[in-house]
Amino acid sequence: APSSSPARCLVVFDVNLRQEFYTKELVVEMLELSHVLKVNDSELPVLAQMLGLDGGSDDVDKLRAILKRHSHLELAALTRGPHGSVLCTSERVSEHPGCPAESGMVDTVGAGDAFTTVLALGLAKNVDLDLINGLANKVASYVCTQPGAMCTLPSSLVEELRRHLHPEAA
C-alpha cells in the first residue's frame with residue numbers, strides 16, 4: 001500500500017557564484033530551501049562574507065558557521081580542486097586530500113558537477129561520509145582527465161560506484 005506521507009526529496013544547492021548573476025537575497029532563499037550546500041574554495045569566503053559570518057579563517061569553521069546559521073541544512077560540502085574536499089555535518093567532518101589525475105589534467109569543466117552527483121547519490125543511499133567523499137573525489141578527478149563537461153566513465157569506476165551506491169543492482 002502506498003505511504004500516506006510523501007517521499008522525501010533531497011535538495012542540493014550547488015552555489016555557483018558567477019559574475020553578477022546572483023544576489024544575497026537569492027542565495028539566502030536557496031539556502032532556506034536546501035538540505036545540502038555545495039561550494040568550492042573560491043565561493044566559500046564570498047558566501048561567508050555575504051552572510052556576515054565570522055567563521056574564522058579555517059574552512060571547516062566557516063562551514064560549521066553556515067550550518068549553525070541555517071540549522072535545517074544537513075550537510076555542507078566544500079570542494080578544493082586538486083586538494084580534495086570537506087563534508088561537514090553538525091556532528092562530524094570528513095576531509096579527503098583529493099585524487100591526483102592519473103593521466104594528467106585536461107579540463108576541469110564538469111568536475112564539480114560530477115562530485116555533486118556522487119555526493120547526492122551517496123546521501124540518498126545513506127552511505128558513510130568518508131566513502132562518499134572518496135568516491136566523489138575519484139570521479140571528479142577522472143572527469144578532469146577528459147575534455148569537455150560530459151564524459152563516459154570507465155567500466156571499472158562505474159562498477160565501483162554501483163557496488164557502493166547501488167549494491168542491489170551490482
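These legends describe close-up views of a predicted model.

**View 1. A nonpolar patch on the surface.** Leu26, Met30 and Leu33 make a nonpolar surface patch of about 260 Å². One of these residues, leucine 33, belongs to helix α1, which covers residues 24–33. Leucine 33 has a relative accessibility of 51%. The cut-off for exposed is over 50%, so leucine 33 counts as exposed.

**View 2. The salt bridge between arginine 18 and glutamate 43.** The whole structure holds nine salt bridges, and this view shows the pair of arginine 18 and glutamate 43. Their closest N and O atoms are 3.1 Å apart. The pair links distant parts of the chain, 25 residues apart. Arginine 18 sits in the loop between β1 (12–14) and α1. Glutamate 43 is in helix α2 (residues 43–50). The two partners can also be described by their accessibility. Arginine 18 is partly exposed, at 42% relative accessible area. Glutamate 43 has 3% relative accessibility and therefore counts as buried, the limit for buried being under 20%.

**View 3. The salt bridge between aspartate 59 and arginine 80.** The side chains of aspartate 59 and arginine 80 meet in a salt bridge, with an N to O distance of 3.4 Å. Aspartate 59 lies in helix α3 (residues 59–69), and arginine 80 in the loop between β3 (75–79) and β4 (85–88). The salt bridge therefore ties together parts that are 21 residues apart in sequence. Aspartate 59 counts as partly exposed because its relative accessibility is 23%. Arginine 80, at 17% relative accessibility, counts as buried.

**View 4. A salt bridge within helix α6.** Arginine 162 forms a salt bridge with glutamate 159. The closest N and O atoms of this pair are 2.8 Å apart. Both residues lie in helix α6 (residues 155–165). They are three residues apart, so about one helical turn separates them. Arginine 162 is partly exposed, with a relative accessible area of 31%. Glutamate 159 is also partly exposed, with a relative accessible area of 36%.

**View 5. A network of salt bridges.** Asp59, Arg80 and Glu95 are joined into one network by salt bridges that share partners. Side chains of opposite charge can pair when their charged atoms come close. Within the network, Asp59 and Arg80 form the salt bridge at 3.4 Å, N to O.

Key
Residues numbered from 1 in each chain as written. Predicted model: local features only at pLDDT ≥ 70, side-chain atom pairs only at ≥ 80, totals over all residues. Heavy atoms only, no water. Patch = residues over 30% accessible without salt bridge, like charges linked within 9 Å, V, L, I, M, F, W, Y side chains within 5 Å. Areas by Shrake-Rupley, 256 points an atom, 1.4 Å probe, with all protein chains shown as cover. Salt bridge = Lys/Arg side-chain N within 4 Å of Asp/Glu carboxyl O. Helix = DSSP H or I, 4+ residues; strand = E, 2+ residues; numbered from the N terminus. Buried < 20%, exposed > 50% of the residue type's maximum accessible area, 1.4 Å probe, protein only.
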